[in-house]
Amino acid sequence: MDICRALGWLDASNYRESPAATAEELTAFHDPAYIDAVHAVSESGQVTGELRARFHLGTMENPVFPGLWRRATTSVGGSVLAARLALEGRVAYHPAGGTHHGRKDRASGFCYFNDPVFAMLEFLNADLNRVAYLDLDAHHGDGVETAFEGNPRTLCISVHEAGRWPGTGQAHTANARNFPVPRGFTDAGLDRLMADEIIPELDAFQQEALVITCGADALSGDPLSSMQLSNTGLWSAVESAAQTCPRVVVLGGGGYNPWTTVRCWAGLWGKLNGFPMPESLPQEIQNLLRNFTCDLVDNEDIKPEWLSTIADAIPSGAILEEVA
């Protein structure tokens, strides 16, 4: 948001503060006992062995930290608000959403509550008959697919790195289409996959609303995947999908390189609004990026363009054929 404001892309006219979902609202998907457990460990900062075993809280994968309840409930509240705004015929962008691994009764993969599910439920509760979900995160959108398994009013599509955690999403199902892609997957492969498979799937489904999770961990330079997308390639995929539907919610998701993640999500907002991409970022933003630290990215691997530009150079690369 700092980048967007510095570029004149974001002000009071196009920004809404995300509310926090209440415990009662969370029961639309999550089990009450699990909701209570998340609240309790967030308040106390302590996790018993029983809660860890039953709800997967307090593990390396799902740590307990100050503000956990506020963070997790605001992700859900923001996705619900985004869906309500989208119902007015808008594209609503909620980059703090995309917690797509959360399960009905447990935490999973740094995801405590599953906010994409709540965005879809908001559309379904508004009596829309066909709601689609597109997941471009490097990891399979397993929590969303499971939540709507067998629901004929929904279609879940996921593009993710084959063999990457959680190891699911290898095949199509009745209402889910999965596209595991190889290590080194590039923009050329994504362009082809969108044109040949995903857009035709969305067109055939004739969705009335669309939720997109745009994880930045599929980008080149992310330490938790081996995909090699540029942010321009990811923006193009989101734009082409968003054009298939009048009601769209765009969410964030994973992203473990702070430089590539913030540039991607800020630039995506600019692209969705039709703003021109600047050749270089304002000095105040360059200074901000230079002060980032990340123990997952070695200093020698920080590229100069990550500190001064917003759009990646368009890469050249062969299309990899091993797409299921």
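**Exercise 1. Are W69 and F113 buried or exposed?**

Solution. Before starting, keep in mind that this is a predicted model, where local features need pLDDT of at least 70, side-chain atom pairs count only at pLDDT 80 or more, and totals for chains, interfaces and linings use all residues. Residues are numbered from 1 along each chain as its sequence is written, and side-chain values use heavy atoms, with hydrogens and water left out.

Step 1: get the cut-offs. Buried means under 20% relative accessible area, exposed over 50%, and partly exposed in between, using a 1.4 Å probe and protein chains only.

Step 2: apply them. W69 is buried, and F113 is too.

**Exercise 2. Work out how the rings around F113 are arranged.**

Solution. Step 1: set the rule. Rings of Phe, Tyr and Trp (its six-membered ring) pair if their centres lie within 6.5 Å; planes under 30 degrees apart are stacked, over 60 edge-to-face, and the rest tilted. That rule gives nine aromatic pairs.

Step 2: take Y34 and F113. Their centres are 5.9 Å apart with 75° between the planes, an edge-to-face pair. Y34 sits in helix α3 (residues 32–44) and F113 in the loop between β1 (91–94) and α6 (115–125), so this pair ties together parts that are 79 residues apart in sequence. Helices (H or I, at least four residues) and strands (E, at least two) are DSSP runs, numbered from the N terminus.

Step 3: take W69 and F113. With centres 5.8 Å apart and planes at 90°, this pair is edge-to-face. W69 belongs to helix α5 (residues 68–86), and the two partners are 44 residues apart.

Step 4: put the rings together. Y34, F55, W69 and F113 make up one aromatic cluster.

**Exercise 3. How many disulfides does the structure hold?**

Solution. Step 1: a disulfide needs a pair of cysteine sulfur atoms within 2.5 Å.

Step 2: count them. There are zero. For C156, the nearest cysteine sulfur is that of C245, 14 Å away.

Step 3: check accessibility. C156 is buried, at 4% relative accessible area, and C245 is buried as well, at 9%.

**Exercise 4. Which residues line the largest cavity?**

Solution. Step 1: define the search. On a 1 Å grid over the protein atoms alone, a cavity is a set of points where a 1.4 Å probe fits but cannot get out, and lining residues have an atom within 4 Å of a point. Grid points are joined across faces, edges and corners, and a volume is the space filled by probe spheres set on the points.

Step 2: run it. One cavity of 30 Å³ or more turns up in the whole structure, and the largest has a volume of about 30 Å³.

Step 3: list the lining. Y133, H140, G141, V144, E145, C156, I157, S158, A176 and N178 do the job. Strand β3 gives the most, with three residues.

**Exercise 5. Find some backbone oddities and place them.**

Solution. Step 1: look at omega. W165 and P166 are joined by a cis peptide bond, with omega about 10°; P166 is in the loop between β3 and β4.

Step 2: look for positive phi in residues other than glycine. F110 has phi near 65° and is partly exposed, with a relative accessible area of 45%. D127 has phi near 70°, lies in the loop between α6 and β2 (131–135), and is exposed at 62%.

Definitions and conventions. On a 1 Å grid over the protein atoms alone, a cavity is a set of points where a 1.4 Å probe fits but cannot get out, and a pocket is an open set with protein on both sides within 12 Å along at least five of seven lines; lining residues have an atom within 4 Å of a point.
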